[in-house]
Amino acid sequence: MTTTIDHGLLDRKVAELAERYRPLAVQILREAIRLPDDDTDPAGGLSNHEGARLRFLRDTIIDIGAVDHADDVAIDAFGNLVWCVADAYDGVAPEHKKVIHLDGHSDTVQALRPQWLEKFAGALDPYDGLVDGARLDHAALRAELGHLPPDDEWQHLVFGRGSADQLAGVVAEILATKILLELRDDGALRGCIVRAVATVAEEDNDGGGPRYLTAEVFPTATPDHIPDVVILTEGTGDARKGALGIYRGQRGRMQIEVTVTGRSCHGSMPAMGL
């Protein structure tokens, strides 16, 4: 363990590893997108049908070293995939560490495969991605989506159901924990615990996975489980402002709970209310 952290050097090493592991991230994402194409479960990948995908992601997390030990990743009682990384030798007691919570949902909406194939002449498939780039009409796709990156950036694109919502975010969590572990000796995990989650049933029950954590897990959890920081890996961006904006809320809304103290009244007699 180093006595001081060179934050500039650490930032550079993180950036270098992120670039090095870009092909690995793409490989994991493509396989996570492809997996629902399974005759044994036509609804594979949809809410409450994430099993095969979560098993693949769990095995991948172990295989690529995104956790220290195989038992650091598991599926919880709700069905969410959860994993954790920390530096056990940083000299900071677990209850005094900052907890960073990473969140992304693993389920996707129905693929509507025939429509993909019909609209784009078989060039795009929701599971197999870009099947034939030469046959794809970029103008038609741009008109359908409203925005596409310039053609010279297409080597960085991954097509398929969930590539933007939100499997790429879950893959980013996996690569983040791998990088943090590899840079542990440089202080990347000093004084913190990173708990990552790939939630389920998001499309059917918006927020159900995180709500299970907040309602069932956190109230009785020890301090080393209570988040100090929450990072939602929901894709954000704007065709005019750029692809890397950071936002509060999504879809123009927030879900909040408000407690009001007073006396209710009918709208026809507002003076009776407090």
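## Exercises on a predicted model

In this predicted model, A74 is placed opposite V82, a residue of β2.

**Exercise 1.** Describe how β2 is paired with its neighbours β1 and β6.

*Solution.* Start from the pair just named: A74 faces V82 of β2, and β1 and β2 run antiparallel, joined by three bridges. The hairpin of these two strands has five residues between them, and within the hairpin G79 adopts a positive phi near 115°. Turn next to β6, which pairs with β2 in the antiparallel sense over six bridges; here V82 stands opposite V197 of β6.

**Exercise 2.** Work out whether the length of helix α3 agrees with the expected rise of 1.5 Å a residue, and establish how its buried residues are arranged around the axis.

*Solution.* Helix α3 covers residues 51-63, which is 13 residues, and because the expected span takes 1.5 Å times one less than the number of residues, the helix should span 18 Å; its end C-alpha atoms are 18 Å apart, in agreement with that expectation. The buried residues of α3 are R53, L54, F56, L57, T60 and I61. Viewed down the axis of α3, these buried residues fall within an arc of 160°, so they line one face of the helix. The general background is that an α-helix has 3.6 residues a turn, so residues three or four places apart point the same way. The cover over the buried residues of α3 includes α2 (22-34), β1 (73-75), β2 (81-86), α6 (167-182) and β6 (192-199). Just after the helix, G65 has a positive phi of about 80°.

**Exercise 3.** Identify the residues with the most contacts inside the largest nonpolar core, and name the elements that give two or more residues to this core.

*Solution.* The largest nonpolar core has 39 residues, and those with the most contacts inside it are I28, L57, I61, L81, W83 and I174. Two or more residues come from each of α1 (7-20), α2, α3, β2, α6 and β6, with α6 giving the most, namely eight residues. Taking I28 as an example and leaving aside its neighbours within four places in sequence, its contacts are F56, L57, T60, I64, V171 and L175. A second, separate core has eight residues, among them A123, L141, L148 and F159.

**Exercise 4.** Decide whether C84 is buried or partly exposed, and do the same for C265.

*Solution.* A search of the whole structure finds zero disulfides; for C84, the nearest cysteine sulfur is that of C192, 9.7 Å away. Because buried means under 20% relative accessible area, C84 counts as buried at 18% relative accessibility, whereas C265, at 38%, counts as partly exposed.

How values were computed. Residues numbered from 1 in each chain as written. Predicted model: local features only at pLDDT ≥ 70, side-chain atom pairs only at ≥ 80, totals over all residues. Heavy atoms only, no water. Helix = DSSP H or I, 4+ residues; strand = E, 2+ residues; numbered from the N terminus. Buried < 20%, exposed > 50% of the residue type's maximum accessible area, 1.4 Å probe, protein only. Arc of directions from axis to C-beta. Contact = heavy atoms within 4.5 Å. Disulfide = S-S within 2.5 Å. Core = buried A, V, L, I, M, F, W, Y, C linked by side-chain atoms within 4.5 Å. Pairing = 2+ DSSP bridges.
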